Amino acid sequence: MRLKLCLVLAMSLTILLHANGRQADTLSVKPDSVKKALRDQFVRDSIANQLEEYTNQVRRSEQKRIDDSVKKAELLQQITLLKENDKLKQADLLRQIQSIEQQDSIRKAEQLQRISQLKKTATGYPVAPFEDTLFMVFTKLGPVMPRERAINISRKIELLYDDDSFEADSLFVTLNESTADITFGEMILMSVTDTDALWIGKEKDKLANEYAVAISEAITTERSNNSWKNILLRIFLTALIIAGTYGVIYLLNKLFRQLNLWLINKKDVLFHGLRFRDYEFLPPKRELDLSLQLGNLLKWAVFGIIMYFSLPLLFSVFPFTRGWATTLFSWVWEPAKSIIMSILRYLPNIFSIAVIYMATQYSIKFIKFLAMEIEAERLKFTGFYADWAMPTFNIIKVLLYAFMFVVIFPYLPGSDSKIFQGVSVFLGVLFSLGSSTAIANAVAGLVITYMRPFKIGDRVKIDDIVGDVIEKSLLVTRIRTPKNEDITVPNASILGGKTVNYSTSSKELGLILHTTVTIGYDVPWKQVHELLIAAALATDGVNNDHQPFVLQTSLDDYYVSYQLNAYTSEPNKMPRTYSDLHQNIQDKFNEGGVEILSPHYRALRDGNMVTIPADYLPKDYQAPAFNVNSKQSSPDSKK
């Protein structure tokens, strides 16, 4: 039922298209677009003036040729009348004939050169009464421009098509003084001028005969194409193409449906998922869904290809729709051809880009090798530190890539386009406005790299943050505190603040740890010094190669301030070292029987326990009793 309906619609459509196509063919011939005519008006006027000037020159040259021919005939006649013994006169006449022939050859060469110059700029107009171009018209005829000549000739050919008295041998060529006319009865179909003949490079009469044959064959072929027999045959071909297309699509649709069912039934065998190590990219179910979607896309792509090729085939059945097929093909072929030709034209640029890229890559590899050698201290330069090697390499790498892009940029497709350049400038402005902070941090990172205030693993203090440096990048520095807190600090903040590095001199000079205790004036200062130094020497992490020392920093109202200074080569363990040092100070002072009365104690010593812990006191120690002194009064006092 569907096939019958398609056949009926196809027959109706083809008859309607045939009627409309013939009506359009008999009414007009395609001229150039109005927009192009307006744009090229000045050029056409200039070419028309040149053609008119050239036509006048040809007319004068033709008249000169006729005069020379007459003169040449007269000279030949004189030669025949001369006596055989008058050799000098014959030679003179022959020289005159040769001169005439040379001038005629020079004129023809000049005309051909002029024609070749005009062909570079002149526009030809097609004579195409039945869509197909029979020939082109380049020159004017009197006041009639080439475009009008082509239109007039096309209209006259269409009139001959509708004239039932026209036969294939009804056209004749009549030679005149300056033209060769193609005639049908009393109607002059067109005139071929000497300029037309020179333009094509043929004799005037031969060119006119070729045009007459082309016109007769075109009318005969068009009448044959539009006969009822051919129309019925085309209707049959149209229906056959529609039915064939429908059948192919139906079978392919059924085939793809069976393919989907087969994939679903065989999913356990065909699909096991895609994995990379422990990560599963595609589970089996998702792999099945993806396969079904790809099959569906392939089905519609095949349907599109079938329709794309069947429509031009359908349009090519009728002559007046063949242009549609060409247009449809051009919509795909022209972009594809443009892309292919662009790629072919771009191949030399691709090789240039590849050479530039390879040269840059090998340069970067060589510089990286040098940087690694410097970093490993196998290659040394005076004043250049090993920790500068990789940052310097990264800077040089960025500069080399930037230089490579600058060199490659002219080879990129569309680099000379104003739109491409405008987008590049716009992106540059956006990057500049949106990355001011990032650029400031990047510059600060470069400065910090060459200032060398710290390196990875150093214990530092940045503002109020104390910790170990675990990462240095172009934008930020990351610090891990003793509490295992990772803190990210922008490089601009580091450059604008102060940084304390505890690790720089710890290996050679030793980092000095210091703490302060306050002891009363009743304890001898020498004893305090001995106890503090003993506590420092008993602490793990204190460097015994450097003797600890004590400074008395102040003499206050109630106590003396003693500052203990001890060396360490392990700044990363400062919190633990300080804790152990404070414990040892307490132990040593308790063992020495010295009370740390800090900051102040108010105590009545008689009858009170000392502040030393009981573990440090003798086992038989007893707190002293109060001393009571009584004083007897005299007898006189009682009175």
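# Exercises on a predicted model

Strand β10 (residues 476-480) pairs with β11 in the antiparallel sense, over five bridges. The model is predicted.

**Exercise 1.** State which residue of β11 stands opposite Val476, then place β10 and β11 in their sheet.

Solution. Start from the pair: Val476 faces Pro490 in β11. Next, read the strand order of the open sheet, β11-β10-β9-β8-β12, in which five strands pair in the antiparallel sense. β11 (486-490) and β12 (499-501) each have a single partner strand and stand at the edges, so one side of each lacks a neighbour in the sheet. Finally, the turn between neighbouring strands of this sheet averages 40 degrees, direction ignored.

**Exercise 2.** Compare the span of helix α17 with the expected value, and find what its buried residues pack against.

Solution. Helix α17 covers residues 574-591, 18 residues in total. From its first C-alpha to its last it reaches 25 Å, close to the 26 Å expected at 1.5 Å a residue. Its buried residues, those under 20% relative accessible area, are Met574, Thr577, Asp580, Leu581, Asn584, Ile585, Phe589 and Asn590. These buried residues of α17 pack against β8 (459-462), β13 (511-519), α16 (525-537) and β15 (560-568). One of these partners, β8, also belongs to the open sheet of Exercise 1. Just after α17, Gly593 has a positive phi of about 70 degrees.

**Exercise 3.** Describe the chain as a whole: its secondary structure and its buried share.

Solution. Count the elements: 18 helices and 15 strands. Of the 639 residues in the chain, 31% are buried. The accessible surface comes to about 42,300 Å², and 60% of this belongs to carbon and sulfur atoms.

Conventions: Residues numbered from 1 in each chain as written. Predicted model: local features only at pLDDT ≥ 70, side-chain atom pairs only at ≥ 80, totals over all residues. Heavy atoms only, no water. Helix = DSSP H or I, 4+ residues; strand = E, 2+ residues; numbered from the N terminus. Expected span 1.5 Å × (residues − 1). Buried < 20%, exposed > 50% of the residue type's maximum accessible area, 1.4 Å probe, protein only. Contact = heavy atoms within 4.5 Å. Areas by Shrake-Rupley, 256 points an atom, 1.4 Å probe, with all protein chains shown as cover. Pairing = 2+ DSSP bridges. Axes fitted to C-alpha atoms, helices over the stretch in contact; angles between N-to-C directions.
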